[in-house]
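Subject: Structure handover

Hi,

Here is the structure I said I would pass on. Have a look at it first, and my notes follow underneath.

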Amino acid sequence: MGFGKYDPQQVELNWQKKWDDTRCFEVEADPSRPKYYVLEMFPYPSGKIHMGHVRNYSIGDVVARYKRMRGHNVLHPMGWDAFGLPAENAAIKNKTHPAAWTYSNIADMRAQLKRLGYSYDWRREIATCRPEYYKWEQRFFIELLEKGLVYRKNSPVNWCEGCNTVLANEQVEEGRCWRCDGEVEQKQLEQWFLKITAYAEELLDDLKLLEGGWPDRVITMQENWIGKSVGAQIAFQVKGSCETVEVFTTRPDTLCGATFMSLAAEHPLVEKLIAGRPEADKVRAFCREVANMDRIKRGADDLEKEGVFTGAYCVNPITGKDMPIHVANFVLMGYGTGAVMAVPAHDQRDFEFARKYNLPMQVVIAPKGETLDISAMTAAYADPGFLVNSGEFDGLPNQEAKGAIIEHLAKNSLAKPTVNYRLRDWGISRQRFWGAPIPVVHCGKCGTVPVPFDQLPVRLPEDAKVREDGRSPLPLLESFVNVACPKCGGAARRETDTMDTFMESSWYFLRYTSARNDSAPFDPASLKYWSPVDQYIGGIEHAILHLLYSRFFVKALRDLGYVEHSEPFQNLLTQGMVLKDGAKMSKSKGNVVDPNAMIGKYGADATRLFILFASPPEKDLEWSDAGIEGAFRFLNRIWRLAEDLAESGALLPVGPSAPLSVLGGELSGPAKELRRKEHDSVRKVTRDMENKFQFNTVIAALMELVNEMYAQKDALKGAPGGAAVLSSSLSTVLTLLSPVAPHICEELWAHMGHKSQLATLPWPQCDESALVKDEIELVVQVNGKVRGKLMVPATADQDAVREFAMTHENVLRHLEGKSIKKLIVVPGKLVNVVAG
C-alpha cells in the first residue's frame, strides 16, 4: 500500500501536535546528565518573522536536536525582547497601545515559530515587558546602585526631537536619527548610567577565555571598542590662571614637540578660558556647531580639521614655551580628558591643523643619524626613532624616552602613569513610555531614594494613554508620579525615565533557567546547572553592544552573588544575512520573501532544508526560488524511495547503522557497498556537525547516500539481506536528516514500523569496519599525467599494484618506445610511471 502524495502541511501539523502532546522538548535540570544550553538571540516582536529569523532559529534548532540525540540534556528556550521604541512608534502609527500591539504580535510570531517545528521548551517563554520579568531587573538596578555601579549625572546627550528621546552615539548617522531621519541635537540632561568602565580591564582580559569559541572578528571588535591605551596624564598650567589642562597621552616621548593645545567643544574649561575675551562669541558659535556634529564623523580620519583660537595659552611643562589653546572639531570629550596636546611634527591630524592655521611645529623624533627639516615635510613623521630637540632626553630611543619623561614629570607632580579606555559608561535613561520604569523616587528632603524591594515591581501603567507626538505620558500621569517617599513618608515624585532595552537583553538568558520562579530571579541550582550558554547564535550586528553589555551584566551579577561564572556565552556563531538579488531583504527594495508563503507552498521542512543547505551558516545566503524548489524535490525523492521500498516489501523496521547480526551476517557486492556508503555518511555527517555545524556539507552527504540507494535498490530488493540493508540505510538517512527536516523524517520513520519518536533516539554510530573496501580505485600516471584508472584488491601490496598498473592498455600505449626509469606507488591513491 502506498503512502499517498507527500503533503507537507498535513505531515507537519500532525507531528507538531504529537510533540506538544508528548511534551517532547520540555526539560529539567538533571545533574546525572551532561547539559547543553543552545540559544538564539531572541526577537523583537514586530509581528512577522522574516527569513533572517528563519535562518537563525533553524541553525539553533538543528544544534539542539543534534545535541539531544548525542545524549545531552538540552535547554532550548524562546522569548521576546518586547520593550522599546519600535513597538511604541508602531503602536502610535496604528493608533493602539504599545502593550496591545506587542502582545498581539507575540501571539502571531509564536504561532509562526511553532509552524516551523522548532524544538523549544515553550514553558520557559518570557516577554521582557511583563512585570514578572522586569521586577527582577529593577531589583538588580537597586543593588547595583547600592554597590556604586549606578549613578546619575548631567550629561550631554544626542537628542532626537522626532522620537522624543536620547540616542546612543551608534544611533546617530550623519547627524540624523537612524530611525526617523530627523536632525539630532545636543542636550544637557540628567541621565542614569551603569558604571561598565569599572569592569573595563576584566572585560578586555576575559576575551582570552573566548578565543576558539568566538569568531576572531567579534573578539577584535570588542577589543577595539574597549580601547585600552597605556600612557600618562600630564598637567599643563594655563597661563595667568590657577587652572590646568589635564591631557592623557600615549606619546609622552613627543612632549617637547607639543606646540599648541586642542580642546573638545564640550570641554568644561572652554567657558572659563574665553570669559571676557574678544574671541568669546566666535568660540561659542563654533562650539555649538561642532557639538551638533555626528560624533563618529568627528573622529574620522578624513574629517576636514577645523578650529578656533580661544585667546588663552598654556605652558609646556618641559620646554616652558607658551602653547596657544584652540577648540578643534576632531577632539572628542568622550575619550581621554577631552584635551589633546598637539604635536604636529609627529601626528597627522595635528600636522594638517597646524598647516591650516599657521601654527608652530617642532621635530623631536628622527631616524638615527638623520635630520628632519620641518619646512620640507609634507606629512607628520610617525615612525620610531631617537629624541632630538628634547634637552636632557636627546639621543634616547623614543620608546625608552616615554618612561623617562613620565618619571621626570612625576617628581614635580606634573604627570602620572595612566591607563585609559575608549569604553564609556552605559547611559540607560530613555525618555519614552514603553520601557521598564527606573525604580527610584525623588524626595525634596531625602534626595534620590530607591524603591524598597517589597514594593517591586514599579509597574508601567499599561492603561496610560500614549501621546501621538511620542512624548512619554509618565511625567503628566499623577497616579504614577505622585508617591510617598519610602524613607520619610513625605511627598515625592517617581523617576519618569525608563530603562534602555539593552538592559532586558543583558540577562534574559539567565532567566530562562528558571523562568517561572516567582520568589527569586533565578533558582540557584538550575542556574548553576544550565549556565553558561554553550552555544549562542545571532547576527554580527550585535557583536559589540548587546554582547558587551551581557558580558558586563554577568560579571556584575557574579559580584552581587547571583551567578558563579564570569562569561555568558562559551561559543558564539554569527550567522550571515539572507540576501535576494545581491542585497539584504527589505520592503523598500521589494525583495522580501515571506516565510509564511514558502511554508504554505513547500512546507516548513523544505524551507529549513534550503536555508541550511544554500550556504555555510557564517556566510551570507543568496535566496533562490529554484533552490527551495530543489529542496522540496529532494524531500519528495526520499518520500518516493520509502514508498517504493514499502510497495516491494523491502521496508523493514530496521534501525540506522544496523550491525551485521541484524542484516543476516557477512555481506558482499552491492549490499556491502551500500552499507559502506551508509557508514561513511554517518562518519561525514557527524564530523561536519561537530566542525562548526557545516550543515550544507551534511545535507550534501545525505543526498549522495540517497543517490546510492536509488542506484542499488533494484538489485537489492530480492537479494539476501538486501531489504535489511536498504532499510538500515533509509533509517540512517532519516535519523541524520531529522534535525534539519524533522517532520518528514518522523513520518517516514513511523511508516517503517518504528514505535519511538526520532527526536528521542540516539545518534547513529559509524562502524569503522564497514568502511573497509574489497577493492580500491587507483589513478595511474605516466610522467605525472593521468593515463588511466584501475581497480585493485584493497589488500594488494606494492608489487602487486605495480603489476596491475603495467597491464593497463592506455598506460602501455604511452610507454611505447620508452624505457621505465622508476615506478612510484602512493598507497591507496596512485601509481606514477617515470619513463624516458
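Contact here means heavy atoms within 4.5 Å. Please also keep in mind that this is a predicted model.

With that cut-off, H565 touches L510, S531, P532, V554 and R558, leaving out residues up to four places away in sequence. H565 sits in the loop between α17 (545-559) and β27 (572-575). Its relative accessible area is 15%, so it counts as buried.

H565 also turns up in the lining of a cavity, along with Y37, F509, L510, S531, P532, V533 and P568. That one is the second largest cavity, with about 30 Å³ of space. By class, its lining has 6 nonpolar and 2 polar residues, and no charged ones.

How many cavities of 30 Å³ or more are there? The count comes to 2. The largest cavity has a volume of about 50 Å³. Its lining is made up of F25, R65, R68, M69, S738, P739, P742, E746, L758 and A759. Two elements give two or more residues each to that lining, namely α2 (51-69) and α25 (742-751). The most comes from α2, with 3 residues. Charge does appear in this lining: by class it has 6 nonpolar, 1 polar and 3 charged residues.

Now to an open site. The second largest pocket holds about 370 Å³ of space. It is lined by 17 residues, and the closest to its centre are Q188, A265, E266, C287 and A291. The elements that give two or more residues to this lining are β9 (184-194), α8 (269-274) and α9 (280-291). The largest share is that of α9, with 5 residues. If you want the chemistry of the pocket lining, it has 8 nonpolar, 4 polar and 5 charged residues.

Back to α17, since H565 lies in the loop that comes after it. L557 is in this helix, and L557 is buried because its relative accessible area is 1%. Leaving out residues up to four places away in sequence, L557 touches F140, W507, L510, F522, Y562 and V563. L510 is therefore a residue to click on: L557 touches it, H565 touches it, and it is in the lining of the second largest cavity. For a sense of distance, L557 and A127 are 430 residues apart in sequence and 21 Å apart in space, C-alpha to C-alpha.

One of the contacts of L557 is F140, and F140 is among the buried residues of α5. Helix α5 covers residues 131-146, which makes 16 residues. From first C-alpha to last it reaches 22 Å, close to the 22 Å expected at 1.5 Å a residue. Its buried residues are P131, Y133, Y134, W136, E137, Q138, F140, F141, I142, E143 and L144. An α-helix has 3.6 residues a turn, so residues three or four places apart point the same way. After α5 comes G148, which has a positive phi, near 85°.

A492 is another residue I looked at. It is in strand β24 (residues 491-494), and A492 is buried, with a relative accessible area of 7%. Apart from neighbours within four places in sequence, A492 is in contact with V441, H442, C443, V481, N482, V483, A484 and C485. A492 and G836 are 344 residues apart in sequence and 102 Å apart in space, again C-alpha to C-alpha.

Last, the cysteines. How many disulfides does a search of the whole structure find? It finds 0. Why is there no bond at C163? The closest cysteine sulfur, in C180, is 3.9 Å from the sulfur of C163, which is too far for a bond, because a disulfide needs the two sulfur atoms within 2.5 Å. C163 is buried, at 2% relative accessible area. For C314, the closest cysteine sulfur is in C256 and is 14 Å away, so that is too far for a bond as well. C314 counts as buried too, at 0% relative accessibility.

Over to you, and shout if anything is unclear.

Cheers

Methods. Residues are numbered from 1 along each chain as its sequence is written. This is a predicted model: local features need pLDDT of at least 70, side-chain atom pairs count only at pLDDT 80 or more; totals for chains, interfaces and linings use all residues. Side-chain values use heavy atoms; hydrogens and water are left out. On a 1 Å grid over the protein atoms alone, a cavity is a set of points where a 1.4 Å probe fits but cannot get out, and a pocket is an open set with protein on both sides within 12 Å along at least five of seven lines; lining residues have an atom within 4 Å of a point. Grid points are joined across faces, edges and corners, and a volume is the space filled by probe spheres set on the points. Helices (H or I, at least four residues) and strands (E, at least two) are DSSP runs, numbered from the N terminus. Ala, Val, Leu, Ile, Met, Phe, Trp, Tyr, Cys and Pro count as nonpolar, Asp, Glu, Lys and Arg as charged, and the others, Gly among them, as polar. Buried means under 20% relative accessible area, exposed over 50%, partly exposed in between (1.4 Å probe, protein chains only). The expected span of a helix is 1.5 Å times one less than its number of residues.
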